[in-house]
Amino acid sequence: MTREAPAQDVDETRLEVGKPKGWAAGIPGVAVSLARSVEQMGTGRTIKALRLLNQREGFDCPGCAWPEPREVDGEKRKLAEFCENGAKAVAEEATKRRVGRDFFAAHPIADLETKTDYWLGQQGRITEPFVLREGATHYEPISWDDAFELVAGELKALTEPDEAIFYTSGRTSNEAAFLYQLLVRSFGTNNLPDCSNMCHESSGAALAATTGIGKGSVSLADIHRADLIVVVGQNPGTNHPRMLSALEEAKSRGAKIIAVNPLPEAGLMRFKNPQNVRGVVGKGTPLADEFAQVRLGGDLALFQAVGHLLLAWDAEAPGAIVDREFVDRVTEGFDAYAKHLQEVDWPEVERATGLPRAQIERVARMIASSERTIYCWAMGLTQHKHAVPTISEIANLALMRGMIGKPGAGLCPVRGHSNVQGDRTMGIWEKMPQSFLDALAGEFGIEVPRKHGFDTVDAIRAMRDGRGKVFFAVGGNFASATPDSELTEKALRSCSLTVHVSTKLNRSHVVHGRTALVLPTLGRTERDVQAGGEQFVTVEDSMSQVHTSRGRLKPASEHLLSEIAIVCRLAEKLFGPGHAVPWRSFETDYDLIRDRISRVVPGCHDYNARVREPDGFVLPHAPRDSREFTGTANGKGNFTVSELEYPQVPEGRLLLQTMRSHDQYNTTIYGLSDRYRGIENARRVVLVNPDDLAALGLADGAMVDLVSEWRDDPDRRAPAFRVVAYPTARGCAAAYFPEANALVPLDSVADKSNTPVSKAIVVRLEPVRAEPQP
């Protein structure tokens, strides 16, 4: 029986503010997981779904990309190998709520445009394809065959292939991603922007230059065995909650943890693991031994100061800190790096970081004394103008101490969305290496374009300028995930056709081109049965482990197609029956796709056999596996020299970061409870240090417009936010995305990676004048 979806939208007047929590998870995490799951799925479906979540015989979590324990490391999976937000992600996908013909008949597009992402997402699963024709007021049903004819016709009518843009999010499987990029390149373009462009592109750029591979170098077992874990610009309690269990395990073995973040996040202070007695009835496990409350954008200064101290201490006792054997044998650039950091302007470091020298010295001593150090980071580092130099500075510290290719040590960019890393491995990148393109062309006997395509920011520019005319997205919520909301929406509306392969409604479906299609697909949780029998897919986690995912639930509708089937059927319409790629066979039997992957994608030999091992297989990583840096141009691990940068903020202004609520994942809003921060029932809030409120003459609870100031555009506005006094770093503020994305200029991007700068927005807070009473 279909459950009715909630009719209410967000009522910002119901905001409740309480005291921020000093710990994460515990019984409340279990209670919320079960309550949300039963509400959306019902009791029986909840039991079946959660029992299979992240288990070998089940499906990979559609939320984050945190890895599961591996038998080869002597570790076992728990019966409940999931977190609160993983349970919410499954409940959202496996919900019994439905969006069908009656829904669209009752809701004209003009009505849907007024709804928030929260309301749209809560309506349920889309049951069949729908089209919004030019000039129409409502979406209406369309057959799959007619939908593919419409897309193929629009693509064929383009003047050149580069007028089409093909976006994807991290939710696609390896098999779907491989076929998607094959379709796009067969069509003749490399326009393959993806969500990585907006999150960890800076990590890839920095690591590719310093270590030769744009991925992390550690395993889950390394996390457990580390002496010291430095967690920078990351909130694992909300964004990767299973990481807390790994940190707890490391602590039990004697590890120390340093947390570097502008906000005090509950998940890094104390963890009450609901799967052990101490977490249920006890006080849980204290995590951070040192909390460095750095100012936004001050991380580069912090790690340069730490490098300076380590080098100075090593000069006093040569060889005590710097791993000279490792540095001399496999790295380059150390002398220039050391010379650059001989002198440090400590007053400037303290201005940039907001940290006292004594605390920076404590942090440096902990790094100096650790034999096995892991550096973890996320978007708190990657979404700054100087993100690439900052991450490179972390790599400098790891190279100096020989902390790469050593058990219990390494670099760990914690990826967000499940399989976002696998998408890139499978070729979803606008500038794949020529070697990959050569292998692809050779395997299929097709012409492959060599010119680099559009990333996300350049795709928006192309649509804005009329150079991008068809927008096709597999997964994601492009309109809400991207910066400069008003400009992005205008760009999408200028397209002749927008197409979204989706499971549920979101903002991107109502920000449409002249014609728009919504193509509903199977979710990660659902059985995928093709002509060749029941199929499984594969994904890659944040630590390069490739493994199977097999949906077990009955699909939400008999009219859904898998992402693979959608790509294959569109390709058949687009290229005709004589195309060199056997699209129909691929749709029938996914093993045939994996056979081709094994011959094209590096490290994927014997793919079908290896992925059927209990935990799949780990992709090669030369620095991790052999302490060799074969991927860099010089075959060495490279130290880098970067000038000190940090955001300059005028008097009377604050530096704003966008962030997630605890009740959301990326742009998917699960609910309205950010309970760790003590904020309930609203989203248009801005967190500001009480001392800054006093200096600005604002009261806690005041209504303000957020106005960003950037170059010659000083009045980019996000209206009607309520001020919440909060212990963030002085001079800094925070607000949720996507509500605050309007404040991020399209041209404000990180050097080298082109990632939007969403963590360092100069804003002023303008009080909202009360409307006069009649």
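1. Let's start with the sheet ordered 1-29-28: in this predicted model, those 3 strands make an open sheet with antiparallel pairing. Strand 1 (16–17) and strand 28 (673–674) sit at the edges with a single partner strand each, so one side of each has no neighbour in the sheet.

2. Staying there, look at how strand 28 meets strand 29 (residues 679–680): the two run antiparallel and share 2 bridges. For a landmark, take Asp674, whose bridge partner in strand 29 is Ile679.

3. Another open sheet of 3 strands follows the order 2-10-11, and here the pairing is mixed. Its edges are strand 2 (24–25) and strand 11 (285–286); each has a single partner strand, so one side of each is left without a neighbour in the sheet.

4. Which sense does the pairing of strand 2 and strand 10 take, parallel or antiparallel? The two are parallel, with 2 bridges between strand 2 and strand 10 (residues 270–272). Ala24 is the residue to click on: Phe271 of strand 10 stands opposite.

5. Further along the chain, strand 31 (residues 703–710) pairs with strand 32 (residues 713–725) in the antiparallel sense, over 6 bridges. These two strands form a hairpin with 2 residues between them, and Arg711 in that hairpin has a positive phi near 50 degrees.

6. Strand 31 also pairs with strand 34 (residues 761–767), again antiparallel, through 5 bridges. Val704 is handy for seeing both pairings: Phe721 is its bridge partner in strand 32, while Pro767 in strand 34 stands opposite Val704.

Terms used. Residues are numbered from 1 along each chain as its sequence is written. This is a predicted model: local features need pLDDT of at least 70, side-chain atom pairs count only at pLDDT 80 or more; totals for chains, interfaces and linings use all residues. Side-chain values use heavy atoms; hydrogens and water are left out. Two strands pair if DSSP finds at least two bridges between them. Helices (H or I, at least four residues) and strands (E, at least two) are DSSP runs, numbered from the N terminus.
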